[in-house]
Amino acid sequence: MWNRRGLISVHIAVFLLGSASLFAALIPMSALMLTLGRAVFSALSLYIYIHFLDLPLRLNRFQDYLWNLLAGVFLTGHWFFFVMAVQVSTVSIGTISFATYPLFVMLLEPYFFKEKIKYKNLAALLLVIAGIGFLIPAFRLTNSTTLGIIYGLISSFSFACLSVMNRRLVALYDSAVVTLYEQLVVAIIMTCVISVLNPYLGRGTGFDFICLIVYGVIFTALAHTLYVRGLKHIKVQTASVISVLEPAYSIILAMVFLGERLSWQEVIGIALIFIAVSLVSREEVSDEVSS
């Protein structure tokens, strides 16, 4: 029963997160501003939720504050570079590059939780590399698609590290509390970066700021809380496989609302990545559902 709830929670979160990529493409603001606004509005809504339920905000140990701080740093990297990937290339390229994160998880989890590395994971990693090879039109940093893939992979690795840390944190605290601390770190980091660099942040209308609020509250606070809550009942590997649906949602929505189209090369690359990520943990998902 608990595994079923965890699966449902993660599925809803993945759909919301897949839809969130549209905001990064549609809101005419810089990646710094979008990351800051997303964190601020998400953290505010989470604080109201935690206050309403009277959940304890105090952590048990000083080390847990440090773990949340480090998790927040990785969340910052994940959000910022994902928006950069979408803005310099397309929603499809950004999301499919991010979809490689289950492979990073499967390489990191054995180290942190003393689990064995499976050879099929390494084989799947080679398949992912081949898929990325099809996606890259030219191995030049001046190429927008290449840059989008690089930013997407950085976002993917950051989210993998974040997920492994959250597996430890949600075992001790409510998922909303964990998410709030992490997003406060994002807001602080972005505020400091913007204050020091004073970059161009873009311009937005009143409607754009409303979209930013929705982006932060529904597609961030709710989505991340549901995802982290799901990790209490299922493995990170299983959740990461479900997350393969995120780029599928994003690509479909981008085609409908943004008019994006895929070349045959991109279709092959995306197919290879989907196959690799899906097959590598098929047994993990079967085990979770059967239990």
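**Helices, cores and ring pairs**

Let's start with one residue: leaving aside neighbours up to four places away in sequence, Tyr-215 touches Ala-20, Phe-23, Leu-34, Arg-38, Val-83 and Thr-220, where a contact means heavy atoms within 4.5 Å. The model is predicted, so to speak of local features takes a pLDDT of at least 70 and side-chain atom pairs count only at pLDDT 80 or more, while totals for chains, interfaces and linings use all residues. Residues are numbered from 1 along each chain as its sequence is written, and side-chain values use heavy atoms, with hydrogens and water left out.

**Overall layout**

- The protein chain has 13 helices and 0 strands, with helices (H or I, at least four residues) and strands (E, at least two) taken as DSSP runs numbered from the N terminus.
- Of the 291 residues in the protein chain, 53% are buried; buried is under 20% relative accessible area, exposed is over 50%, and partly exposed is in between (1.4 Å probe, protein chains only).
- Take the contacts between residues at least 6 apart in sequence: 87% of them join residues at least 24 apart.
- Accessible surface adds up to about 13,600 Å² for the protein chain, and 70% of that belongs to carbon and sulfur atoms; the areas come from the Shrake-Rupley method with a 1.4 Å probe, and for residues only the protein chains shown count as cover.

**Nonpolar cores**

- A nonpolar core here is a set of buried Ala, Val, Leu, Ile, Met, Phe, Trp, Tyr and Cys residues joined through side-chain atoms within 4.5 Å.
- The largest one has 70 residues, and Val-10, Ile-27, Tyr-101, Tyr-215 and Tyr-227 have the most contacts inside it.
- Helix H1 (residues 2-26) gives the most to this core, namely 10 residues.
- There's also a second, separate core of 14 residues, which includes Ala-99, Ile-132, Ile-149 and Ile-251.

**Aromatic pairs**

- The count is 9 aromatic pairs; rings of Phe, Tyr and Trp (its six-membered ring) pair if their centres lie within 6.5 Å, with planes under 30 degrees apart called stacked, over 60 edge-to-face and the rest tilted.
- Phe-15 and Tyr-249 pair edge-to-face, at 5.1 Å centre to centre and 80° between the planes.
- Phe-15 sits in helix H1 and Tyr-249 in helix H11 (residues 245-257), so this pair ties together parts 234 residues apart in sequence.
- Phe-15 is partly exposed at 41% relative accessibility, and Tyr-249 is partly exposed at 26%.
- Tyr-65 and Tyr-181 are also edge-to-face, at 5.9 Å centre to centre and 85° between the planes.
- That pair links helix H3 (residues 62-88), home of Tyr-65, with helix H8 (residues 175-197), home of Tyr-181, 116 residues apart.
- Ring pairs also link Phe-82, Phe-98, Phe-159 and Tyr-227 into a cluster.
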